[in-house]
Amino acid sequence: TNVNTTNVTATNTVTAPTVGVTTVDLGDWTIIQVGSDLIFRHGTTNRFKLSSAGALTVEGDVTAFGSA
């Protein structure tokens, strides 16, 4: 089944083999594709970038061995 619309609202689980999008909105967080990079944004501020080569660039400090 093809759905051709701008906004889709689901009340249950949506299963799809592939979803072709360049932006994923998760509420306060947004993941956007810019070229071949992924930008992770909180609100309107870019927080970190993951390049297609695997390089991770962050806005603030990186903490190792902390707790989430």
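The exercises below work through a predicted model of a protein, each with a solution given step by step.

**Exercise 1. Overall build**

Determine which secondary-structure elements the protein contains, in what order they run, and how the radius of gyration relates to the globule rule.

*Solution.* Begin with the count of elements, which gives 0 helices and 5 strands in the protein. Next, follow the chain from the N terminus, where the order of the elements reads β-β-β-β-β. Then turn to the radius of gyration, which is 15 Å, whereas the globule rule gives 11 Å for 68 residues; the value is well over that of the rule, so the protein is more spread out than a compact globule. The extent of the C-alpha trace can be set beside this result, since along the principal axes the trace spans about 45 × 25 × 25 Å.

**Exercise 2. Burial, surface and contacts across the chain**

Work out what share of the residues counts as buried, how much surface is accessible, and what share of the contacts joins residues 24 or more positions apart.

*Solution.* Take burial as the opening step: of the 68 residues, 9% count as buried. The accessible surface comes to about 6100 Å², and 50% of that surface belongs to carbon and sulfur atoms. For the last step, consider the contacts with a separation of 6 or more, of which residues 24 or more positions apart account for 0%.

**Exercise 3. The setting of T30**

Decide whether T30 is buried or exposed, and identify the residues that T30 touches beyond its sequence neighbours.

*Solution.* Locate T30 in strand β2, which covers residues 29-34. The relative accessible area of T30 is 15%, and because buried means under 20%, T30 is classed as buried. Leaving aside residues up to four places away in sequence, T30 touches T23, V24 and D25 as well as I39, F40 and R41.

**Exercise 4. The largest pocket and V14**

Describe the volume and lining of the largest pocket, and then establish whether V14 is buried or exposed.

*Solution.* The largest pocket has a volume of about 340 Å³. It is lined by 12 residues, of which V8, V14, A16, T18 and V19 are the closest to its centre. Sorted by class, the lining holds 6 nonpolar and 6 polar residues, with no charged residues. Now examine V14, which lies in the segment before β1 (23-25). The relative accessible area of V14 is 61%, and because exposed means over 50%, V14 is classed as exposed. As a final step, compare V14 with A55, which is 41 residues apart from V14 along the chain: the C-alpha atoms of the two residues are separated by 31 Å.

How values were computed:
Residues numbered from 1 in each chain as written. Predicted model: local features only at pLDDT ≥ 70, side-chain atom pairs only at ≥ 80, totals over all residues. Heavy atoms only, no water. Helix = DSSP H or I, 4+ residues; strand = E, 2+ residues; numbered from the N terminus. Buried < 20%, exposed > 50% of the residue type's maximum accessible area, 1.4 Å probe, protein only. Contact = heavy atoms within 4.5 Å. Rg over C-alpha atoms; globule rule 2.2 N^0.38 Å. Areas by Shrake-Rupley, 256 points an atom, 1.4 Å probe, with all protein chains shown as cover. 1 Å grid on protein atoms, 1.4 Å probe; cavity = no way out; pocket = protein on both sides within 12 Å on 5 of 7 lines; lining within 4 Å. Points joined across faces, edges and corners; volume = space filled by probe spheres on them. Nonpolar A, V, L, I, M, F, W, Y, C, P; charged D, E, K, R; others polar.
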